[in-house]
Amino acid sequence: MDQSSKSKFRFFLKDSVRQMVDFRGTDQNRGIAPPPVEKPVPASAQVIDLIPPEELHDISDMRVFTAIANRRSRRVFRRDPLTLKELSFLLWATQGIRKIAAPGTAFRVVPSAGCRHALETYLCVFHVQGVEEGVYRYLPIEHQLLLVAQPSDLLSLLSEAALGQDFAGKSAVTFIWTAIPYRMEWRYDIAAHKVIALDAGHVCQNLYTACEAINAGTCAIAAYHQEEMDDLLGIDGDEEFTIYLAPVGKA
């Protein structure tokens, strides 16, 4: 890679862009309403109720120290299914909402720059008790799963989109996070994109710790075929696109 290309891509990691933005011109400061906390739910949507957060407090008796100390990337999973309670816990631990603070603003269990939370959570479900195989989207406000699609060859589609990393489809469930950039751009304009990537890291680290707490494991995946993964989720690849994924299974 030539030096000019290195400088270009390293710039993304710096906060110099903040000096280039006139924040008086952001959509927030122009009085434009914020984008919604979650994507709309179709009236005819097929949804599954998850176990409420107040019933998840006894999911594990593992100490936080032990869960953090045991954290590692795990690529081999047992065939044992996750329970609906365990999946509910993992979803709450990664994107759960504590409070809707204002239109377009929610306090969650993970941090986000400016409380903007530009991520959506999709699941490729393979072995979860009470949930049929398929592609789902997490609805954090309702704490429900919304059925997106049920392709007959989901395992092969996911493995192919993960560039042949077969363990992505040998999980009980694979988490796939997408970014909706405008949620962050509304406040930060072109300074939004680095912090979206940082937010994805916050979410995935919570998943690692939560998995260890229920004797499960995960391995974050950042290498995938962008267009194939976006197609699998039925998203446009522009206003919303895949940013990160992590298969989960019993370890």
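Biologist: How many aromatic pairs does the structure hold?

Modeller: This is a predicted model in which local features need pLDDT of at least 70, side-chain atom pairs count only at pLDDT 80 or more, and totals for chains, interfaces and linings use all residues. Residues are numbered from 1 along each chain as its sequence is written, and side-chain values use heavy atoms, with hydrogens and water left out. Rings of Phe, Tyr and Trp (its six-membered ring) pair if their centres lie within 6.5 Å; planes under 30 degrees apart are stacked, over 60 edge-to-face, and the rest tilted. The number of aromatic pairs in the structure is 3.

Biologist: What is the angle between the planes of Trp-177 and Tyr-244?

Modeller: Trp-177 lies in strand β7 and Tyr-244 in strand β9, so their pair ties together parts 67 residues apart in sequence; strands are DSSP runs of E, at least two residues, and helices runs of H or I, at least four, numbered from the N terminus. The pair is tilted, with 5.9 Å centre to centre and an angle of 50°.

Biologist: Which side chain of opposite charge is nearest to Asp-199?

Modeller: Asp-199 is found in helix α6. Lys and Arg count as positive, Asp and Glu as negative, and His and the chain ends are not counted. Asp-199 is buried (under 20% relative accessible area; exposed is over 50%, partly exposed in between; 1.4 Å probe, protein chains only), yet has no salt bridge (a side-chain nitrogen of Lys or Arg within 4 Å of a carboxyl oxygen of Asp or Glu). At 8.8 Å, the nearest side chain of opposite charge is Arg-116.
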